[in-house]
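Ready for a few exercises? Have a look at the structure first, then work through each task and its solution.

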Amino acid sequence: MEIEDKIETFNSLLRRRGFIWGPSPEIYGGFAGFYSYGPAGMALKNNVLSLYRRELRAFGFGEVECPTIMPEIVWKASGHLERFIDPVMRCEECNTLYRVDQFLQENLPDLMIDGLSFEQMEDLIKKNNLQCPKCDTLFKEIEEYNLMLKTQVGNNVTAYLRPETATTTYLLFNRLDQDARRQYPIKIFQYGKAYRNEISPRQQVLRMRAFDQLELQLFIGREQEMDFEEFENVKNKKLPLLDWKLQEQNINKPSIISLEQALNEKIIKKPAYGYCLYLGYYLIKILGYPEDVIRFRQHSPNERAHYADDAWDLEINTKQFNWVEICGIHDRTDYDLKRHGDFSKQNFEAFMGSDPKLKEIPQILEIAFGPDRIIYTLLEAAFNVEDGRINLKLPPTLAPNTVAVFPLVRNKENIRNLAMKVHKNLLESRISSFYDESGSIGKRYRRQDELGTPFCITIDYESLENNTVTLRDRDTMDQIRIKIHEVSELIIKKIF
RNA sequence: GCGCUCUUAGUAUAGUGGUAAGAAUCUCGGGUUUCCAACCCGAGGACCCGGGUUCAAUUCCCGGAGGGCGCACCA
């Protein structure tokens, strides 16, 4: 079969080899915006997550897990109830849906539409006899389109599935403050599902209605944001930064500059925020993305979320979907804790600076990863077709199988037995080994190449004589002979 | 959500108003095989869902679901 280096080949690989399936449930025709991971995809995701958990521990982060459903008051306080509900109107004739605020701004450019209530917007429509541009039907009433999924809990109590994990982390603030013994910044992350009722989910797992988030939070004082010890260690690191002023000039090539320079040129405001940019970059780099597919893109002031004072997206350049945001870094200020303090009647003020008399509400810096987007972009970046051979160049630590073991031929009992023994020994060392004896040896190598397995071990006739095996490298296809009793040790050494 | 378009084994496809929907790859069993998708034998597996037209629908028509593209949307 001819293997072509095309995006279609990649898309079918995702399904064939059990990375991503869907939309789920496939046997019932599918439900847009919902996908499943197969064994290979899940192994990859878990490997990324274990790596991240190890790294975050080293960077001083603790992990929490909160419920995915929260009562209405939480989302009132967070601002999501207000901001995640869009005013829309539907043409009764042709059923086209319009975003009311944008429609009004276009048709009544002299008026200030931002901030008007639903009733005020409805009045404007009636007064101006606005009609559907497609079929000239008059508009009637405004409906709500709620980007949050609503549900009922217990005796008809309204609740919402969380549209982000971050808010649920903030609700723990006074617990965390005690737990951390008031040492700032408090570094916490949460991994889990979030839900958004996207109008039209597309682009596979890049815009799902149920998706994973991995969100890191720094609770930090105003003084510490500007004088941040850990910034000193990273200030010379160079990052590809595309600030919004560059974008305004239609420049889309990022400047590769050090964080210190970015701070001096006022591209970023706070050292602690610069540290967050670095941390986001570091965690993405260790997954093995090539340098030139990564950039940071700053949000323009009107693109920012309701809670953000500054926001940069870490984006990956993909073949299929161009630049894709896989991580967002937000300066959320004291917005969240202020609001939750007000709504819950709690006092979240703490002594955080050098003045022992001055209490303040902590600032929050957030680094939000979309693990599903990481998995997709990582797979796409790893996908290669080399001389008709699919080679998924995943970093060895992340590959679903670390090693595969084959008997050179399957009809020689002693070769088979030795191969199975080698495989079993690897498993006993808790190395994820895969045993395969079906088909020709070449076919077995290719199967593993498609899964990104970095090493293949083959037991041949020589193995029977001198207890050695061949170790084949995925990328070079070169083989070396090694002693059987050194296999596990060597694999571990090559991987870590 | 609107418009256009598409939907056949796991994957990528051929084809048809009427016997057994065809080949590839794939999977399983067997044979062969001293290192990169080799070969031989045998087997398995599909017309997205619902309704209509018709003696007969996978095929034509309508609706739905899902995918792609464009528009809108994307904290």
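**Exercise 1.** How far does a backbone N or O atom of A32 lie from a phosphate oxygen of RNA strand B?

*Solution.* A32 places a backbone N or O atom 3.2 Å from that phosphate oxygen, and a polar contact is a pair of N or O atoms within 3.5 Å. Bear in mind that this is a predicted model, where local features need pLDDT of at least 70 and side-chain atom pairs count only at pLDDT 80 or more, while totals for chains, interfaces and linings use all residues. Residues are numbered from 1 along each chain as its sequence is written, chains are lettered from A and ligands numbered from 1 in the order in which they are written, and side-chain values use heavy atoms, leaving out hydrogens and water.

**Exercise 2.** Find what touches the bases of RNA strand B.

*Solution.* Start with R472: an N or O atom in its side chain is 3.0 Å from a base nitrogen of the strand. Then go to M477, where a polar backbone atom sits 2.7 Å from a base nitrogen.

**Exercise 3.** Describe the surroundings of RNA strand B.

*Solution.* First, count: 44 residues surround the strand, with Q102, R196, R202, Y445 and M477 the closest ("near" means a heavy atom within 4 Å). Next, look at the strand itself: sugar and phosphate make up 49% of its atoms that come within 4 Å of the protein. Finally, sort the surface by class: 16 residues are nonpolar, 14 polar and 14 charged.

**Exercise 4.** Which residues does F369 contact, leaving aside neighbours within four places in sequence?

*Solution.* Look for heavy atoms within 4.5 Å. Among the partners are Y52, L216, I284 and I374.

How values were computed
A residue is near a molecule or strand if one of its heavy atoms lies within 4 Å of it. A polar contact is a pair of N or O atoms within 3.5 Å; within protein, one must be able to donate a hydrogen and the other to accept it, and residues adjacent in sequence count only if both atoms are side-chain atoms. Ala, Val, Leu, Ile, Met, Phe, Trp, Tyr, Cys and Pro count as nonpolar, Asp, Glu, Lys and Arg as charged, and the others, Gly among them, as polar.
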